[in-house]
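Q: Got a minute to go through this one with me? I'd like the main points, quickly.

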Amino acid sequence: MVGGSNNWLDLVRENKFKYEVAFSDLSSKEEFQVNYKRRLVEVMDSLGLMELEHLVQGLDKDEKCNFKEFSQEFYEKVLWELCGISNLSTLDNYYKSNRYARLLVNQKDPVNLIQTFYIMQEILDLDMDVSMRHIAMLGRVSALDMLVTLNMLEQTLYQDKDQDTRKDLIILGAQHCDQLFIENQFIWSLPVSHCVKLLEEIGFTSSEVGQLVMETRHELLGDMSQKIEEFDMNRETFVEVMKKRLYLLRKEGVKLGIANILGTYKFMFNWEEVVRAIDKAELGRNPCFVKFGFNNIIQVGIKNKTASTSTSRLFLVDYFAYNTLEVKKFNKMFTRIPHGKDVPLRIVVDSVMFLESLDFSKQQIERGFPIVFYSKKIIAEHIPSVEAVLGSDWMERENALCLLNYFIEVEQKFSFDLIYTGIVESYEEGLSEEFFKELPSVTQAQASTAQPKPLLASSQLSPLAGAKHRSFHTSSCLQNKEEEHKTRKIKLFHFQNPITRLKIFLKFLEVKQQWDPTLDQQQCLVGAKHAVAAITSMLEEGRWKEMRGLLSRKEFKRLQKEVETEWSDVMRQNVSLEVEEMEKVLITDITTQQIVHNKYCDIDVLVLGVKEQKVPLLMQVEVRLHREYTEGCLPDWVVTRFRIKNFDKRGQTEE
């Protein structure tokens with residue numbers, strides 16, 4: 001900015017190596033401010049963020065500017081314009097309890113700020129309108145360090161995949177890597193690339209390493225560097241000890257209630273503390289559970305006191321890959337299972353493996369999950385009886401395991417004694433040495449999941465076939481030659497799963513009771529119809545500026561890029577869809593999210609329309625309405641997702 005590095009070193013010496021004072025003197029120079037402004041505008045232009053150009057006017061050479069005040073003002077305005085954040089106190093407190101809080105100083109360098117934002121939103125596809133933990137990283141994490149971390153991950157993880165697949169997997173897991181980005185810029189002695197190599201040397205498989213690094217939010221680099229220090233920085237000794245621990249946990253981990261690879265990792269790196277806790281509990285050779293709470297607080301017991309501490313429940317939640325909302329629903333069903341919280345992890349995993357060996361799909365296991373609380377022996381004994389009653393093809397039914405579970409319960413007159421019998425036998429039989437090695441991973445289970453069959457196997461299905469909603473259209477095939485010039489009419493039928501409708505109704509009821517008493521489904525549908533009509537009309541006429549108030553910034557940029565690069569002129573000229581042309585409008589999903597005091601609601605709407613022309617044009621529009629219910633926010637809805645499906649295909653009539 002003002003010459004070479006020697007100028008900076010001379011300035012530091014003059015200020016007796018007081019770097020803040022030296023930088024203050026440097027940034028107050030007119031030459032620095034002029035050059036910095038030019039560089040900032042260049043970066044904005046290269047990243048496609050020229051809408052922020054008006055924020056750099058404070059660095060005009062004709063005005064004297066305090067660079068520190070300019071940076072603070074620039075930071076506040078950028079967070080407001082790009083992320084919609086006005087209350088900075090929430091961001092300042094977000095990383096207060098972080099292990100590296102003292103080092104996470106918010107530098108607020110404008111160039112680094114917009115570069116980091118671009119990486120997080122455009123490259124990693126993070127939702128910078130909603131995710132507070134990622135927004136809080138702006139200014140605290142270096143853009144250069146983020147790129148270095150991403151390159152390290154790409155060079156070490158998923159090496160059995162091609163380059164494009166590796167990048168896709170890393171981008172997919174980046175939403176969990178906020179702590180990894182923070183650690184990798186401070187721990188130079190053990191960067192993430194070295195950490196991956198260490199985990200592989202210890203004996204973790206490639207998929208397990210990927211899961212530990214990308215899919216779990218914990219202090220991986222900090223834990224490993226601290227543990228190596230305990231071994232006097234002797235790498236060989238550290239690896240050898242960890243290999244032995246991993247071997248023992250793979251063999252006996254289920255006895256201790258270790259249900260997944262993260263539990264194995266935490267046990268290995270807290271070995272002494274866990275062993276002391278087990279000895280203190282005087283468990284002897286009894287099966288027990290070990291649970292790691294917040295800050296690795298260790299809980300040890302012979303059996304689970306409550307359903308929430310059940311390792312079997314934790315395993316099933318992990319196995320079915322449930323999100324937060326699904327976990328709440330699962331917990332309600334889990335508490336209804338007699339003796340469910342007392343069932344050891346071994347029984348559940350052994351039963352899951354047994355059912356998978358019989359070619360039951362993951363969907364079938366999920367639907368009839370109470371069956372896994374019976375031991376494998378009991379399940380195997382009752383299968384022939386069910387087959388004798390229902391026939392040899394009963395296993396192909398979607399509710400096959402529900403039927404098997406019901407058959408057992410009826411035979412036992414709903415006493416559920418066999419569940420407790422399996423628990424007793426598990427304590428008496430001990431553990432199989434090879435059992436934990438055969439424990440199915442969540443990733444493998446998801447990969448082997450059978451695809452559900454479509455409900456309507458018809459050639460007239462729309463592109464929605466196989467999803468939650470089914471639609472088809474019919475039209476007259478008796479038009480004679482004299483009527484071929486007339487516009488053909490078509491009818492559109494659409495069926496929505498009644499269970500989905502019930503779930504949506506209950507969710508609306510929940511939001512009305514807790515957040516917004518005025519929320520109404522019909523008003524949402526009317527609003528969505530008019531929003532689609534307005535946006536499609538503006539698209540056809542090219543009125544982009546008027547769309548800024550309807551679409552979120554991210555969706556506006558995505559849609560503009562799609563229209564300009566992928567749409568033909570014919571598509572642009574026929575995109576408008578009037579309210580009268582919308583045949584069906586329905587809500588497909590409603591979700592809520594609360595992050596500390598910030599509350600968000602998303603409503604997904606499907607619009608099916610028909611443009612009656614000589615050849616009818618079917619249009620399918622997916623819209624997501626978003627509103628922030630945080631106290632003090634305006635009661636405005638914005639469209640964060642706008643997708644037009646089946647747009648370039650003309651309606652086909654039945655022949």
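What follows is a short chat about a sheet and one threonine in this predicted model.

Q: Let's start with the sheet. In what order do the strands run, and is it open or closed?
A: The sheet is open, with four strands in the order 5-6-7-8. Their pairing is antiparallel.

Q: Which strands sit at the edges?
A: Strand 5 (582-595) and strand 8 (638-645). Each of them pairs on one side only.

Q: What's the average twist?
A: From one strand to the next, 15°.

Q: How many bridges join strand 7 and strand 8?
A: Seven, in the antiparallel sense. Strand 7 covers residues 617-628.

Q: Which residue of strand 8 is opposite glutamine 620?
A: Lysine 645.

Q: Which helix packs on the sheet?
A: Helix 26, residues 521-541. Helix 26 touches strand 5, strand 6 (598-611), strand 7 and strand 8.

Q: And what angle does helix 26 make with strand 5?
A: About 105° between their directions.

Q: New topic: threonine 156. Where is it?
A: In helix 8, which spans residues 143-156.

Q: Is threonine 156 buried or exposed?
A: Buried. Its relative accessible area is 10%, and the cut-off for buried is under 20%, so it qualifies.

Q: What does the threonine 156 side chain have by its polar atom?
A: The backbone oxygen of methionine 152 is 2.7 Å from a polar atom of that side chain.

Q: Which residues does threonine 156 contact, leaving aside neighbours within four places in sequence?
A: Ser193, Val196, Lys197 and Glu200.

How values were computed: Residues are numbered from 1 along each chain as its sequence is written. This is a predicted model: local features need pLDDT of at least 70, side-chain atom pairs count only at pLDDT 80 or more; totals for chains, interfaces and linings use all residues. Side-chain values use heavy atoms; hydrogens and water are left out. Two strands pair if DSSP finds at least two bridges between them. Helices (H or I, at least four residues) and strands (E, at least two) are DSSP runs, numbered from the N terminus. Axes are lines fitted to C-alpha atoms, for helices over the stretch in contact, and angles run from 0 to 180 degrees between N-to-C directions. Contact means heavy atoms within 4.5 Å. Buried means under 20% relative accessible area, exposed over 50%, partly exposed in between (1.4 Å probe, protein chains only). A polar contact is a pair of N or O atoms within 3.5 Å; within protein, one must be able to donate a hydrogen and the other to accept it, and residues adjacent in sequence count only if both atoms are side-chain atoms.
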